[in-house]
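Open the model in your viewer and switch to a cartoon view. Keep the selection box at hand.

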Amino acid sequence: MFARSAFRAAQPLKMQARRYATESAPKSGGSNPIVLIGAAAAVLGGGYYYMNSAPAKVPVVPAKPAFTGGDQGFISLKVSEVEDVNHNTKRVRFELPEKDMVSGLNVASAVLTKFKGENDAKATLRPYTPVSDEDERGYVDLLVKKYEGGPMSTHIHELTPGQSLAIKGPLPKYAWTENKHSHIGLIAGGTGITPMYQLCRSIFNNPNDKTKVTVVFGNVTEQDILLKKQLDELENTYPQRFRAFYVLDKAPQGWKGGSGFITKDLLKTVLPEPKEENIKLFVCGPPGLMKAISGPKVSPKDQGELAGSLQELGYNKDQVYKF
């Protein structure tokens with residue numbers, strides 16, 4: 001499972017002083033009382049020393065980041081594992097240059113992949129948001145959906161353990177800090193769930209962050225719902241702070257979620273209202289979803305104008321971030 005495990009705080013060690021008998025020792029074969037007193041003093045003195053000597057503090061050395069941004073450029077990472085998630089999506093694990101390294105990504109940020117085929121005029125570049133925790137050491141996991149005619153997703157799906165891919169980062173997105181917003185809405189389609197899951201990990205792995213989260217996640221079929229196990233676990237663990245709503249284009253019989261596309265009526269029903277203070281909505285998905293929900297993003301540095309359902313529902317540009 002990708003989510004970080006919770007750890008209990010270490011309990012202080014309980015120490016008890018030994019009790020000594022008050023009866024006199026038998027005279028026959030008895031020991032010298034001065035020797036006994038000396039021995040007892042030595043024992044008590046040693047116990048006092050060990051009980052009052054604090055263990056030496058070992059300095060915590062921060063993990064070295066693999067991706068440092070700036071002029072670092074691309075680094076070649078070797079594939080160590082490949083897992084089939086569904087019919088068109090794989091989880092691919094890439095080894096970092098050193099086993100004790102962390103990725104160096106912050107929340108929210110992504111990596112950029114590069115590949116140039118033998119007959120390609122120029123290299124293909126594609127951003128991905130890792131689904132592994134930012135504190136994991138030695139590797140990063142990418143969740144990659146294969147698109148028909150997609151050069152990068154096809155190439156990554158063809159990679160096998162031992163082969164490598166050029167990757168650089170981090171690519172800064174939305175700088176998150178604990179309790180930055182009181183309630184956020186995450187609207188995603190397909191692999192657009194990965195930056196949303198990165199935000200969720202950061203929020204719910206931090207006991208000081210009390211942000212409420214609502215997810216609206218659109219897919220074609222039930223099998224296409226990525227990271228559902230992890231989202232279900234969040235909903236079961238934090239029922240007062242986390243809710244997820246699923247919409248399927250091709251819903252099976254008996255499906256209890258939404259059918260068709262993500263509608264304005266659904267968003268109006270489940271998202272925090274525009275008039276609420278300190279809210280933020282995040283949108284990520286294929287071009288059709290972006291156009292319908294929020295309007296497209298112009299470039300990595302230009303969010304573009306707010307349009308679509310969110311604009312019609314009364315949200316303003318500052319309340320929406322497009323991944």
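The stops below go from the whole sheet to a single side chain. Keep in mind that this is a predicted model.

**Stop 1: the sheet**

Show the strands. Six of them form an open sheet, in the order 4-3-6-1-2-5. The pairing is antiparallel. Strands of a sheet pair through backbone hydrogen bonds, either parallel or antiparallel.

Now select 124–128 and 139–145. These are strand 4 and strand 5, the edge strands. Each of the two pairs on one side only. Look along the sheet as well: neighbouring strands are turned by 40° against each other on average, ignoring direction.

**Stop 2: strand 1 and its neighbours**

Select residues 75–84 for strand 1, then add residues 164–172 for strand 6. The two run antiparallel and share four bridges. For a landmark, pick Lys78; opposite, in strand 6, is Ser164.

Turn to the other partner. Strand 1 pairs with strand 2 in the antiparallel sense, over six bridges. A hairpin of four residues connects strand 1 to strand 2. Click Asp84, and find Lys90, its bridge partner in strand 2.

**Stop 3: strand 2**

Select 89–95, which is strand 2. Is this strand mostly covered or mostly open? It is mostly covered, with six of its seven residues buried.

Strand 2 also pairs with strand 5, again antiparallel, over seven bridges. Select Glu95 to see one opposite pair: Tyr139 of strand 5 faces Glu95. With side chains switched on, remember a rule: in a regular strand the side chains alternate between the two faces of the sheet.

**Stop 4: the helix across the sheet**

Select residues 151–158. This is helix 2, and it lies across strand 2, strand 3, strand 4, strand 5 and strand 6. Strand 3 is 109–115. Measure the helix against strand 4: helix 2 runs at about 75° to that strand.

**Stop 5: Ser103**

Finish with Ser103, in the loop between strand 2 and strand 3. Why does Ser103 count as buried? Its relative accessibility is 4%, and the cut-off for buried is under 20%.

Show side chains around Ser103. Leaving out residues up to four places away in sequence, Ser103 touches Pro65, Ala66, Phe67, Leu96, Glu134, Glu136 and Val140. Next, draw a distance from the side chain of Ser103 to the backbone of Leu105. A polar atom of that side chain lies 3.1 Å from the backbone nitrogen of Leu105.

Note on methods
Residues numbered from 1 in each chain as written. Predicted model: local features only at pLDDT ≥ 70, side-chain atom pairs only at ≥ 80, totals over all residues. Heavy atoms only, no water. Pairing = 2+ DSSP bridges. Axes fitted to C-alpha atoms, helices over the stretch in contact; angles between N-to-C directions. Contact = heavy atoms within 4.5 Å. Buried < 20%, exposed > 50% of the residue type's maximum accessible area, 1.4 Å probe, protein only. Polar contact = N/O pair within 3.5 Å; in protein donor to acceptor, adjacent residues only side chain to side chain.
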